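Reader: Hello! I am new to this one and would love a close look at a single part, with its surroundings explained along the way.

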Amino acid sequence: MPEAALTEADEAYAKVYDAMHSARASSPIVRQLYAQAMGDAYPWDVDPASSADWPLLGAMVGALCMHPGQRLVDLGCGTGGVGLWLARALGVCVTGVDIAALGVRLAADRALAFQLPADRARFVVGSRTATGLPDEYADGLVCVDALGKRADRPVVLGEIRRVLKPGARAVVTSSRSRTAQPPSWPEDAAGAGLLLEAGHERPHEPHMWRRLYELWNQHEDELRKQLGDEQADSMLYEARIHGPKLQNRQALVVTLRRPENDPPQPARRAPA
């Protein structure tokens with residue numbers, strides 16, 4: 001399966017994430033701080049750099065309704081922990097997609113630790129809007145904290161619909177401000193030709209991020225020593241920008257489904 005071509009913007013983001021993965025791979029501090037912020041909800045095997053705690057993993061298992069031997073896509077997979085854990089738990093095959101080539105390589109290297117043979121775990125470079133995967137490829141899909149800006153959501157959801165088989169489900173996380181006019185997930189799903197099957201709030205998640213950001217600030221010296229100034233500055237900037245917004249943050253997990261009798265989409269034309 002050939003890798004998808006990345007846009008210039010994607011390649012710029014990929015460089016940022018490659019640098020992040022490189023720095024974090026050589027130091028345990030980020031993992032330790034995520035574990036401290038999540039407490040008992042931290043899934044050590046997954047080693048998430050996201051909101052993928054035990055409650056979210058359990059919700060995804062229940063919502064996907066997958067059978068052994070089916071194919072799962074982990075969109076925006078990072079270093080692969082979520083998809084690998086789900087593949088092992090559900091007895092399915094996983095294909096992870098991410099724009100960061102180093103993240104993809106690190107994810108592939110982790111498959112052995114999850115006791116998954118090569119034919120059950122594949123990781124490829126691609127974007128949220130252009131995965132490079134065939135039409136109707138997946139029996140299930142997850143996307144944890146990787147939907148991106150809401151302006152991009154119609155294209156991302158369109159790609160999710162294209163990749164899913166008719167009747168297959170996608171479980172995605174998203175967030176929105178309580179004080180702004182809330183985006184309508186039913187409208188977004190319908191606009192992409194998907195059914196909104198379920199959705200619920202995760203009220204504990206903003207508190208987790210608040211604890212994590214506080215820990216990053218408290219351990220600034222260690223972050224700089226172990227990760228370098230560039231990565232530490234990036235993390236502290238994230239904490240400074242997003243931390244004050246957490247009191248108005250509404251975290252959601254949403255289950256979408258491609259209709260059972262959904263006809264194939266017209267083939268996309270190549271760009272002129």
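Reader: To begin with, what is the mean pLDDT of the chain? After that, please take me through helix α10: which residues of α10 are buried?

Author: Happy to help! This is a predicted model, in which local features need pLDDT of at least 70 and side-chain atom pairs count only at pLDDT 80 or more, while totals for chains, interfaces and linings use all residues. Residues are numbered from 1 along each chain as its sequence is written, and side-chain values use heavy atoms, with hydrogens and water left out.

The mean pLDDT of the chain is 93, and 94% of its residues reach 70 or more; pLDDT is the predictor's confidence in each residue, from 0 to 100. Residues 267-272 are a stretch to treat with care, as pLDDT stays under 50 there. For these residues the model has three contacts beyond four places in sequence, a contact being heavy atoms within 4.5 Å. Where pLDDT is low, the predicted coordinates should not be read in detail.

Now to your helix. Helices (H or I, at least four residues) and strands (E, at least two) are DSSP runs, numbered from the N terminus. Helix α10 covers residues 229-242, and its 14 residues should span 20 Å at 1.5 Å a residue; the expected span is 1.5 Å times one less than the number of residues. The end C-alpha atoms of α10 are 20 Å apart, which agrees.

The buried residues of α10 are Q231, A232, M235, L236 and A239. They cover an arc of only 130° around the axis, which puts them on the same side of α10; the arc is that of the directions from the helix axis to the C-beta atoms. Buried means under 20% relative accessible area, exposed over 50%, and partly exposed in between (1.4 Å probe, protein chains only). On the face turned away from the buried side, α10 carries the exposed residues E230 and R240. The cover over the buried residues includes α1 (8-25), α2 (29-38), α8 (205-218) and α9 (220-227).

One residue of α1 deserves a stop here: R24 is found in that helix. Leaving aside neighbours within four places in sequence, R24 is in contact with V30, Y34, A49, L227 and M235, and M235 is one of the buried residues of α10. R24 is buried yet has no salt bridge, a salt bridge being a side-chain nitrogen of Lys or Arg within 4 Å of a carboxyl oxygen of Asp or Glu. The nearest side chain of opposite charge, E238, is 5.7 Å away; Lys and Arg count as positive and Asp and Glu as negative, while His and the chain ends are not counted.

A charged residue within α10's range of 229-242, D233, does have a partner: the side chains of R224 and D233 meet in a salt bridge (2.7 Å, N to O). R224 is partly exposed, with a relative accessible area of 25%, and D233 is partly exposed too, at 40%.

For the wider setting, a search of the whole structure finds 21 salt bridges. Among them, R258 and E136 meet at 3.5 Å, N to O. R258 lies in the segment after β7 (249-257) and E136 in the loop between β3 (121-125) and β4 (138-143), so the pair ties together parts that are 122 residues apart in sequence. R258 is buried, with a relative accessible area of 1%, whereas E136 is partly exposed, at 29%.
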